[in-house]
Amino acid sequence: MMYYLFLCIFMIMNLCRLCVCSVELRIVRPVSAGTDDDNHHLHIREFQVFDNMNTQLTLSIIDFDSQIDPWPVSNTIDGNLDTFSHSYFPEDISKDHFILYQVNGIEDYCDISNIDIYNRIDGDLHASHRIIGSYINVIQDEVTIGTFDITQDLPLYTFNINQLTTYTDDCLGTDAPTEEPADEPL
Ligand SMILES: [Ca+2]
């Protein structure tokens, strides 16, 4: 009996080691960013992520709060800067808008170099400012390990992963060798 108990424990421990590591990015347009003047919308033309070799990584959309035709969330990863997403015109404006992306091809957020986000810029609708107050969560294995804030109305935002406060410890290693203290002069 004890043999089978230990065997089960051993198998469970090894199954846990096989858990898939995941890197996800979530852009959120929170209600707290303001709802006056029909501002509570999330529009993204393109969401792009690059690795340390400056190669663009593919993304999969694994969750989002809402969308409306003809501006689906898939427009944010279609490679076309002339298309953008549009959250549903909300009757209930008490909920945050968000899109959650899985970053494919990497298992560690440290393998990202930068995140490029193209804001909506079309026409005279003056909708580009709606993104102010939004933020991007960097998520490793379902744990948010850092956040980038959008504080300005710009056509393009580029966030370098090494701007995260966790980058030094998590990506460079806390056990990195340090310089030996200089000898005291004799
Ligand atoms: Ca697009």
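## A hairpin to start from

In strand β8, T144 is the bridge partner of I139. Strands here, like helices, are runs assigned by DSSP and numbered from the N terminus (helices are H or I with at least four residues, strands are E with at least two). I139 sits in β7, which covers residues 135-140 and pairs with β8 in the antiparallel sense over six bridges. Two strands count as paired when DSSP finds at least two bridges between them. Another facing pair here is Y135 and D149 of β8.

What links β7 and β8? They form a hairpin with two residues between them, and D141 in the turn has a positive phi of about 50°.

## What kind of model this is

This is a predicted model, with local features needing pLDDT of at least 70 and side-chain atom pairs counting only at pLDDT 80 or more, while totals for chains, interfaces and linings use all residues. Residues are numbered from 1 along each chain as its sequence is written.

## The sheet around it

The hairpin belongs to an open sheet of five strands, in the order β4-β5-β1-β7-β8, with antiparallel pairing. At the edges are β4 (59-64) and β8 (143-149), each pairing on one side only. From one strand to the next, the twist averages 25°; the axes behind that angle are lines fitted to C-alpha atoms (for helices, over the stretch in contact), with angles running from 0 to 180 degrees between N-to-C directions.

As a reminder, strands of a sheet pair through backbone hydrogen bonds, either parallel or antiparallel.

## Working across from β1

Strand β1 (residues 23-29) runs antiparallel to β5, joined by six bridges. Six bridges also join β1 to β7, again antiparallel. I27 is a handy landmark: I99 stands opposite in β5, and I136 is the bridge partner in β7.

Further along, β4 and β5 pair in the antiparallel sense over five bridges, with D63 opposite L100 of β5. Is β5 enclosed or open? Five of the seven residues of β5 (residues 97-103) are buried, so this strand is largely enclosed by the rest of the structure. Buried means 20 or more other C-beta atoms within 10 Å of the residue's own, with C-beta atoms placed from the backbone.

## The whole chain

Zooming out, the chain has two helices and nine strands, following the pattern α-β-β-β-β-β-β-β-β-β-α along the sequence. Of its 186 residues, 25% count as buried.

Take the contacts between residues at least 6 apart in sequence: 70% of them join residues at least 24 apart. A contact here means C-beta atoms, placed from the backbone, within 7 Å of each other.

Note on methods: A residue is buried if 20 or more other C-beta atoms lie within 10 Å of its own, exposed if 12 or fewer, and partly exposed in between; C-beta atoms are placed from the backbone. Two residues are in contact if their C-beta atoms, placed from the backbone, lie within 7 Å.
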